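Q: Could you walk me through one part of this protein in detail? I'd like to start from a single helix and then see what sits around the ligand and between the domains.

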Amino acid sequence: MMLVAGTRPEAIKLSPVARSLRLRGLDPQVVLTGQHPHLDLADYGFGHGPHVELECPGQADPIAHVGAVAAALRPLLEQAQPELVIVQGDTSSAFGAARAAGAARIAVAHVEAGLRSHDRRQPWPEEDFRIAIDSGSAILFAPTELSAANLRRERIGGQIHVTGNTGIDAVLRASNGIERRAPAEPTLLVTCHRRENWGTGVAHVADALRLVAEQRIARVELILHPNPDLATRVRAALAGCAGISFHPPCGHADAIRAMLSASLVLSDSGGMQEEAAVLGVPLLILRGRTERPEAIATGNVELIGTDSGQIVAAVRRSLAAGPPRPAMPFGDGRAGDRIAAIVDHWLANRAAPHAAAVAAE
Ligand SMILES: CC(=O)N[C@@H]1[C@@H](OP(=O)(O)OP(=O)(O)OC[C@H]2O[C@@H](n3ccc(=O)[nH]c3=O)[C@H](O)[C@@H]2O)O[C@H](CO)[C@@H](O)[C@@H]1O
């Protein structure tokens, strides 16, 4: 069996699966596509095991990257002949791996299946990629009942299992022993990387952050993305603005520590919406739509978009409100164990027809 990951969030969300599979004696072959080059798996809870590198760095054109990953993975699949390829989420790495497996007639299991914003342009290309991965998967691990309902509505052919999101396993592990620490002065933690925000979105967010810092509404701590082009763009948009500190991308435990030390998080990240709900940290989503209405329903997370006036107003409102309570709409932290048990069962039953044929000879 093979696990394929390309980006930081895939490493974070596949590490609980890898750990639970290993505990069952099912040692997956780990393949890194290289979408986030120099991804150190140990920074994201994956441990130091052996892995194969495909050396396909992320490209400006995500469709081209899908093709590159599929082409690079295909010979490896032909040689290793895994029974199952496990992918996670909605990246070009995940879709490229799923396509290569499909072409080689190898079954695909999709972790975090069924997330839908119901708008193919927001987020693009992720909504397209996850729909395509789901439609070709034999096993679909839906994090919530709502994501399973999305799959049933689309009459997806594979087995659907509601397992919880493995990101919750990861955040509970990473936050173990880290206390929520209210900062002495109001502090915003900011991340912004979604493709639909690369143009005017980043500029509007930058305007809002400049206002927040200049009017001393809060201190701004901005974590840059591993994509160097994007990091340069964000830095340039905020150049010369006092009250804003830039930080390089960090490991998962440090990211969780930063969330727990902030008064408020502003982000277009998907995983941080799930984490904010669990950690009881308020988060404003810098996007027009979300595929995680469960996070909004907790009251800890609010969808505000990228209009600078609305961002500043929402920051003021949120800072004035009391801190929210932790909420667990995405699972109980045991998704990895459930997924490993289902994979184990699937592998055993898949082997049955062959075993029966051998026994009959
Ligand atoms: C459309 C959409 O929502 N798609 C998502 C997208 O991922 P995303 O938007 O969640 O991606 P990021 O924001 O990059 O990562 C977030 C994670 O990184 C941690 N973090 C952050 C800064 C840092 O310096 N160090 C860190 O460790 C942070 O705590 C959190 O755990 O792809 C995933 C994979 O397929 C999907 O699951 C997922 O639906």
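A: Let's start with helix α6, residues 166-175, which is mostly covered: 7 of its 10 residues are buried. Keep in mind that this is a predicted model. The buried residues of α6 are T166, G167, I168, D169, A170, V171 and A174. After the helix comes G177, and its phi is positive, near 90°.

Now for the domains on either side in the numbering. The protein is divided into domain 1, made of 2-165 + 331-360, and domain 2, which is 178-320. Taken over C-alpha atoms, the centres of domain 1 and domain 2 are 28 Å apart. As for how they meet, 18 residues of domain 1 are in contact with 16 residues of domain 2. On the side of domain 1 that touches domain 2, α1 gives the most, with 3 residues. That side of domain 1 breaks down into 7 nonpolar, 7 polar and 4 charged residues.

The ligand is the next stop. Both domain 1 and domain 2 give residues to the shell around the ligand, so it lies between them. There are 29 residues surrounding the ligand, and the closest are G89, A255, S269, G270 and G271. Sorted by class, the shell has 11 nonpolar, 11 polar and 7 charged residues. Three helices each put in at least two residues: α1 (8-23), α9 (252-260) and α10 (271-279). Of the elements feeding the shell, α1 gives the most, with 5 residues. So α1 turns up twice here, in the shell around the ligand and on the side of domain 1 that touches domain 2.

Then there's the packing inside. In soluble globular proteins, nonpolar side chains tend to be buried together. Here the largest nonpolar core has 99 residues, and the members touching the most others are L3, V85, A97, L188 and V265. This core takes at least three residues from each of domain 1 and domain 2. To zoom in on one of those members, V85 touches M2, V4, A97, A101, I106 and V108, leaving aside residues up to four places away in sequence.

Last, the database view. An unreviewed UniProt entry carries the annotation "domain: UDP-N-acetylglucosamine 2-epimerase" over residues 25-343. Across residues 25-343 the chain is 41% helix and 15% strand, and the end C-alpha atoms are 12 Å apart.

Definitions and conventions. Residues are numbered from 1 along each chain as its sequence is written. This is a predicted model: local features need pLDDT of at least 70, side-chain atom pairs count only at pLDDT 80 or more; totals for chains, interfaces and linings use all residues. A nonpolar core is a set of buried Ala, Val, Leu, Ile, Met, Phe, Trp, Tyr and Cys residues joined through C-beta atoms within 7 Å. A residue is buried if 20 or more other C-beta atoms lie within 10 Å of its own, exposed if 12 or fewer, and partly exposed in between; C-beta atoms are placed from the backbone. Domain bounds come from an automatic or database domain assignment. Two residues are in contact if their C-beta atoms, placed from the backbone, lie within 7 Å. UniProt positions are given in the numbering used here, feature names are shortened, and annotations may be inferred rather than shown by experiment. Helices (H or I, at least four residues) and strands (E, at least two) are DSSP runs, numbered from the N terminus. A residue is near a molecule or strand if its C-beta atom, placed from the backbone, lies within 6 Å of it. Ala, Val, Leu, Ile, Met, Phe, Trp, Tyr, Cys and Pro count as nonpolar, Asp, Glu, Lys and Arg as charged, and the others, Gly among them, as polar.
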